[in-house]
Amino acid sequence: MFFHRSLLFGVSTFAVVPLLVRAASPPWERGGRHTELFVAGSADDASLRTRIAALSPTVSPDEARRVAYAAYMTGLELRREWRVVWLPGVQNLLVNMGARKGGLCFQWATELLVRLDALKLQTLELHWAESFANTSGEHNVIVVTARGQAFEKGILLDNWRYSGQLVWTQVAMDPEYHWTENKSELTRRLGTARDVASKQVRSTMKSN
């Protein structure tokens, strides 16, 4: 979740972690780069597009552009829909109190996964990543690689850490988390999302 952990929020459900308030203002208001984390400045962020395209010569620049756009817009849209507040841990607390509909890290990651899967990517591949798995500090993000490329070479996309503002970095360069891939979780979440979509289509057809 958030990248400092010594101020404890007393919530121990999945994806809710202790936080340390680094400063009163959100990090995107204090500059664009923080150690090896990068903040996407727009839906057409050139640095992110370039880094995704540079994963391999086989990667389509258009697919890199569409992934960057979808990742940025997912954060922007869900931040409004979920009425996301700063800090992320405060949003977690509100979700678990029932005061917000969403905003836990796995919810951000799942929504992004579904939207990226809908792009029907041919040259890029999606991965479910987790850190501090099976603890109260578990964090989940989506990682994108060139198709067939090792997970460790990928770029992580994180909408949770900065409260809906997209941050990204190379998987191995994240200063706060050590990421591992969970292939079965990717399959499970995509399967669930597709089942829900299928039921909605059938329900719509019956009503018509």
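Here is a short conversation about the nonpolar cores and ring pairs of this predicted model.

Visitor: Which element gives the most residues to the largest nonpolar core?
Guide: Happy to start there! A nonpolar core is a set of buried Ala, Val, Leu, Ile, Met, Phe, Trp, Tyr and Cys residues joined through side-chain atoms within 4.5 Å, and buried means under 20% relative accessible area, exposed over 50%, partly exposed in between (1.4 Å probe, protein chains only). The largest one has 35 residues, with Leu-48 and Leu-124 among those with the most contacts inside it. Helices (H or I, at least four residues) and strands (E, at least two) are DSSP runs, numbered from the N terminus. With eight residues, the top contributor is H2.

Visitor: How are the ring planes of Phe-132 and Tyr-177 arranged?
Guide: Rings of Phe, Tyr and Trp (its six-membered ring) pair if their centres lie within 6.5 Å; planes under 30 degrees apart count as stacked, over 60 as edge-to-face and the rest as tilted. Phe-132 lies in the loop between E3 and E4, and Tyr-177 in the loop between E6 and strand E7 (180-181), 45 residues apart. Their centres are 5.8 Å apart and their planes at 75°, so the pair is edge-to-face.

Visitor: Is Phe-132 buried or partly exposed?
Guide: Its partner Tyr-177 has 5% relative accessibility and so counts as buried. Phe-132, at a relative accessible area of 39%, is partly exposed.

Visitor: Which residues do ring pairs link into a cluster with Tyr-177?
Guide: Tyr-177 and Trp-179 have ring centres 5.3 Å apart and planes at 35°, so that pair is tilted. Adding the other partner, the cluster links Tyr-177 with Phe-132 and Trp-179.

Conventions
Residues numbered from 1 in each chain as written. Predicted model: local features only at pLDDT ≥ 70, side-chain atom pairs only at ≥ 80, totals over all residues. Heavy atoms only, no water.
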